[in-house]
Amino acid sequence: MSHTDSTSPILSTRVRVQNDENGDLISKFPDEILTNILSKLHIDEAVRCSVLSKRWEGLWKQTSHIEFDVNHMIIPMTKLLHSRALFPHPGFFLSKSKAEGVYRYGYVIFQLIRLHSGDISSCRIVHFQNSLSIGEVGIWVDLLVERKKCLKDLSLKCLPGLREISKLEISKPRFRCGVFDCLGSLEFINYTIDFGYAFENCKRLKTLKLKWTHLDDETLSGILENCEALESLSLIHSTGLARLIIRNSKLKVLHIHALWVDELGIYTPNLDVLSLDFTRCLLQNNLSKLSMDLDLNYIEEAMELPFVLRLCISLQVLEIVLPFYSHKSSVSSLSDHPLSYPMSMIWERLELCNCIRQKLKFVYVRGFKGELEEVEFAKYLITRATMMKKITIVVRDNYSMDVAKTLLSLPRASDNLSINLKYFNAYYYHMEVLF
């Protein structure tokens with residue numbers, strides 16, 4: 001007995017230490033950390049964490065981000081929701097077929113949004129087409145914006161329907177007028193965008209991403225007109241556009257990838273980032289007209305022009321709009337960069353492409369200030385473009401007019417070329433395009 005008595009305190013201590021070491025340390029974190037962890041999970045995984053312990057029960061209702069993915073949910077959600085008895089009619093979830101799971105997916109989203117009691121700042125929903133045909137998507141969005149006043153970011157992705165529901169007549173999305181006015185970021189994937197009315201008074205939206213969407217010129221123009229604060233726009237693999245005309249004074253980032261357009265016009269004086277990938281659409285669609293806001297005096301922007309023009313193998317009309325006030329750093333000036341060749345050869349060395357020499361017919365340069373790089377660009381066109389019929393240079397003042405007049409005496413590569421010099425009497429990027 002003395003041996004037992006002498007060792008039991010030691011054994012107790014060891015057991016207690018092991019229990020502490022093997023304890024649930026994560027559950028000791030404050031709610032803010034736990035809900036942040038749950039925000040990284042799909043909603044069904046977050047809800048399932050409620051079974052871990054009483055400490056975790058209901059924490060999913062406080063997550064700041066909520067993500068619904070039909071691919072992730074349609075198989076396990078019947079068992080999950082029925083076993084946890086989250087809803088008043090568990091018999092509604094008894095069927096195990098995948099098609100039935102898809103139909104119930106909309107009801108699940110509605111109830112989970114309703115049960116969520118915290119502030120949601122961002123939400124992503126991946127759904128099948130049948131959710132559009134029966135109007136569920138519009139109901140979800142209405143519920144989110146009405147109940148979650150902190151919602152700023154929303155992403156909606158539509159997947160092709162299952163074979164079992166392919167006979168349904170897929171209707172267009174039904175959104176309430178001006179429903180997106182509270183959002184700061186919005187993304188649509190695999191959607192037909194014909195609900196421009198939903199963007200009315202959308203003065204807070206700063207980021208808009210349209211991927212694999214279908215929309216027409218009028219709809220896009222209306223969206224841009226309503227989204228006055230838009231700073232970032234992505235158009236990726238979108239169809240239905242004939243004339244892609246983008247006018248926005250606050251736009252800073254523009255991504256345009258793999259579009260099929262006949263005419264492109266970009267009027268964005270504050271643009272900082274321009275990402276263009278037109279390889280497929282320009283080569284196949286033979287783009288003939290191109291308009292760009294571009295500062296020819298700064299090397300970062302000057303380098304963009306050769307890249308774009310190499311893709312425009314059939315370009316006939318080119319418009320370059322120079323900034324009225326340059327907001328770029330002076331260290332980016334072409335003249336500030338050491339060159340291994342004279343400045344007069346800058347455009348020759350940049351190799352603008354064969355379309356300049358063989359296809360280009362009309363050129364408009366607006367906001368001409370008479371600076372060296374601008375003059376060299378005009379010289380290059382006049383002396384190299386063999387098919388050009390007219391170049392119109394809109395100058396800012398008397399000084400730039402005097403500089404532009406020196407171009408009249410240059411030898412012309414085209415016998416039919418006329419050089420037209422004009423003053424402008426309005427803020428240049430509000431002038432009509434002369435195509």
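Start by selecting Glu374 and Lys369: Glu374 is buried, and Lys369 is buried too. These two form a salt bridge, and their closest N and O atoms are 3.2 Å apart. Keep in mind as you look around that this is a predicted model.

**Step back to the whole chain**

Now zoom out and colour by secondary structure. You should find 16 helices and 15 strands. Of the 435 residues in the chain, 49% are buried. If you switch on the surface, the chain exposes about 21300 Å², and carbon and sulfur atoms supply 52% of that area. Contacts are worth a thought as well: among those between residues at least 6 apart in sequence, 66% join residues at least 24 apart.

**The seven-stranded sheet**

Which strands should you select for the open sheet of seven? Pick them in the order β7-β9-β11-β12-β13-β14-β15, and note that the pairing is parallel. The edges are β7, residues 243-247, and β15, residues 418-423; each of these pairs on one side only. On average, neighbouring strands here are turned by 10° against each other, with direction ignored.

Zoom in on the β15 edge. Strand β14, residues 390-395, runs parallel to β15 and is joined to it by six bridges. To see one of the pairings, select Thr392 and its bridge partner in β15, Asn420.

Next, add helix α15, residues 372-384. This helix packs on the sheet and touches β12 (317-321), β13 (362-368), β14 and β15. Turn the view until you can compare α15 with β13: their directions make about 165°. Then add helix α16, residues 398-405, which also packs on the sheet, touching β13, β14 and β15. The direction of α16 makes about 175° with that of β15.

**Strand β5 and its neighbours**

Move to strand β5, residues 207-211, and show its side chains. Which residues of β5 lie on the covered face, and which on the uncovered one? Leu208 and Leu210 make up the covered face, while Thr207, Lys209 and Lys211 make up the uncovered one.

Now show the strands that pair with β5. Strand β4, residues 185-189, is joined to β5 by five bridges, and the two run parallel. Five bridges also join β5 to strand β6, residues 232-236, again in parallel. Thr207 is a good residue to click on here: it is the bridge partner of Ser185 in β4, and its partner in β6 is Ser232.

Stay with β5 and select Lys211 together with Glu187. They form a salt bridge whose closest N and O atoms are 3.2 Å apart. The pair links distant parts of the chain, with Lys211 in β5 and Glu187 in β4, 24 residues apart. Lys211 counts as partly exposed because its relative accessibility is 26%. Glu187 has a relative accessible area of 14%, so it is buried.

**Another salt bridge**

Side chains of opposite charge can pair when their charged atoms come close. How many salt bridges does the structure hold? There are eight, and one of them joins Arg124 to Glu67, with the closest N and O atoms 2.7 Å apart. Select both: Arg124 sits in strand β2 (residues 122-128) and Glu67 in strand β1 (residues 65-69), so to speak distant parts of the chain, 57 residues apart. Arg124, at 25% relative accessibility, counts as partly exposed, whereas Glu67 is buried at 17%.

**Two loop residues with positive phi**

Most residues other than glycine have a negative phi. Select Asn201 in the loop between β4 and β5, where phi is near 55°, a positive value. Is Asn201 buried or exposed? Asn201 is exposed, because its relative accessible area is 53%.

Then go to Trp212, in the loop between β5 and α9 (217-226). Trp212 also has a positive phi, of about 55°, although it is not a glycine. With 52% relative accessibility, Trp212 counts as exposed.

**Last stop: a nonpolar patch**

Finish on the surface by selecting Ile26, Phe29, Ile33 and Ile37. Together they form a nonpolar patch with about 310 Å² of accessible area. Ile37 lies in helix α2, residues 31-38, and counts as partly exposed because its relative accessibility is 35%.

How values were computed:
Residues numbered from 1 in each chain as written. Predicted model: local features only at pLDDT ≥ 70, side-chain atom pairs only at ≥ 80, totals over all residues. Heavy atoms only, no water. Pairing = 2+ DSSP bridges. Helix = DSSP H or I, 4+ residues; strand = E, 2+ residues; numbered from the N terminus. Axes fitted to C-alpha atoms, helices over the stretch in contact; angles between N-to-C directions. Contact = heavy atoms within 4.5 Å. Patch = residues over 30% accessible without salt bridge, like charges linked within 9 Å, V, L, I, M, F, W, Y side chains within 5 Å. Areas by Shrake-Rupley, 256 points an atom, 1.4 Å probe, with all protein chains shown as cover. Salt bridge = Lys/Arg side-chain N within 4 Å of Asp/Glu carboxyl O. Buried < 20%, exposed > 50% of the residue type's maximum accessible area, 1.4 Å probe, protein only.
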